[in-house]
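User: I'd like a close look at a single part of this model: the places where charged side chains might pair up, and what lies around them. Could you take me through it in one go, informally?

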Amino acid sequence: MEEFQQSQNALGNFIEAREKLETQLQENNIVKAELLKLNNKKASDRKVFKLTGGVLLPVEYEEALGNVDKRLVYINNEIKTCEQSIKK
């Protein structure tokens with residue numbers, strides 16, 4: 001019985017982690033969509049900022065887009081890992 005309860009707790013933890021990852025995925029997709037709207041503008045009009053420690057710091061457009069793409073790849077990989085763990 002105890003082993004079953006541990007399995008249930010582990011499953012609950014994986015499901016909770018999966019939900020958090022899904023939220024992060026949606027947020028990052030929204031950020032990417034907003035960044036892509038700037039793609040048609042000239043470079044001087046592409047003002048992108050990153051919140052770091054309560055301060056907004058300017059970031060190059062290409063760097064910001066690359067960072068979001070990297071995060072999306074990472075989050076998608078983590079989701080796959082969670083789903084594999086849930087199936088086990």
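Analyst: Let's fix the cut-offs before anything else: a residue is buried under 20% relative accessible area, exposed over 50%, and partly exposed in between. With a relative accessible area of 44%, Glu34 therefore falls in the partly exposed class. Lys37 is exposed, at 54%. Keep in mind throughout that this is a predicted model.

Those two residues are a handy way in. Their side chains meet in a salt bridge, at 3.1 Å from N to O. Both sit in helix H1, 3 residues apart, which is about one turn of the helix. Staying with charge pairs, salt bridges that share partners join Arg18, Glu22 and Glu83 into one network. In general, side chains of opposite charge can pair when their charged atoms come close. The structure holds 6 salt bridges.

One of them reaches across the chain: the side chains of Glu83 and Arg18 meet at 2.7 Å, N to O. Glu83 belongs to helix H2 and Arg18 to helix H1, so this pair ties together parts that are 65 residues apart in sequence. Glu83 has 32% relative accessibility, so it counts as partly exposed. Another pair is Lys32 and Asp69, whose closest N and O atoms are 2.8 Å apart. This pair, too, links distant parts of the chain, with Lys32 in helix H1 and Asp69 in helix H2, 37 residues apart. Lys32 comes out at 25% relative accessibility and so counts as partly exposed. Asp69, at 28%, is partly exposed as well.

Now for the helices that carry these pairs. H1 covers residues 2-37, which makes 36 residues, and spans 53 Å from its first C-alpha to its last, close to the 52 Å expected at 1.5 Å a residue. H2 has 27 residues and reaches 39 Å between its end C-alphas, close to the 39 Å expected.

What about the buried side of H1? Its buried residues are Leu21, Leu25, Asn28 and Leu35. They pack against strand E1 (48-52) and helix H2 (61-87). Asn28 deserves a second look here: its relative accessibility is 7%, so it counts as buried. If you leave aside its neighbours within four places in sequence, Asn28 is in contact with Val68, Arg71, Leu72 and Ile75.

H2 has its own list of buried residues: Tyr61, Ala64, Leu65, Val68, Leu72, Ile75, Ile79 and Cys82. Two names on that list, Val68 and Leu72, along with Ile75, turned up a moment ago as contacts of Asn28. The cover over the buried residues of H2 includes H1, E1 and E2.

That brings us to the nonpolar packing. The largest nonpolar core has 14 residues, and the ones with the most contacts inside it are Leu35, Val48 and Tyr61. H1 and H2 are the elements that give two or more residues to this core. Its largest share, 8 residues, comes from H2.

Val48 is a good spot to zoom in on. Again leaving aside neighbours within four places in sequence, Val48 is in contact with Leu35, Leu38, Leu57, Pro58, Val59, Tyr61 and Ala64. Val48 also has a strand partner, as it stands opposite Val59 in E2. Further along, Leu51 stands opposite Leu56 in E2. E1 and E2 (residues 55-59) run antiparallel and are joined by 5 bridges. The two strands form a hairpin with 2 residues between them, and Gly53 in the turn has a positive phi of about 60°.

Putting the pieces side by side: H1 and H2 are linked by the salt bridge of Glu83 with Arg18, and by the one between Lys32 and Asp69. Both helices also give residues to the largest nonpolar core, while strand E1 packs against the buried residues of H1. As for the pair we started with, Glu34 and Lys37, that salt bridge stays within H1.

How values were computed: Residues are numbered from 1 along each chain as its sequence is written. This is a predicted model: local features need pLDDT of at least 70, side-chain atom pairs count only at pLDDT 80 or more; totals for chains, interfaces and linings use all residues. Side-chain values use heavy atoms; hydrogens and water are left out. Helices (H or I, at least four residues) and strands (E, at least two) are DSSP runs, numbered from the N terminus. The expected span of a helix is 1.5 Å times one less than its number of residues. Buried means under 20% relative accessible area, exposed over 50%, partly exposed in between (1.4 Å probe, protein chains only). Contact means heavy atoms within 4.5 Å. A nonpolar core is a set of buried Ala, Val, Leu, Ile, Met, Phe, Trp, Tyr and Cys residues joined through side-chain atoms within 4.5 Å. Two strands pair if DSSP finds at least two bridges between them. A salt bridge is a side-chain nitrogen of Lys or Arg within 4 Å of a carboxyl oxygen of Asp or Glu.
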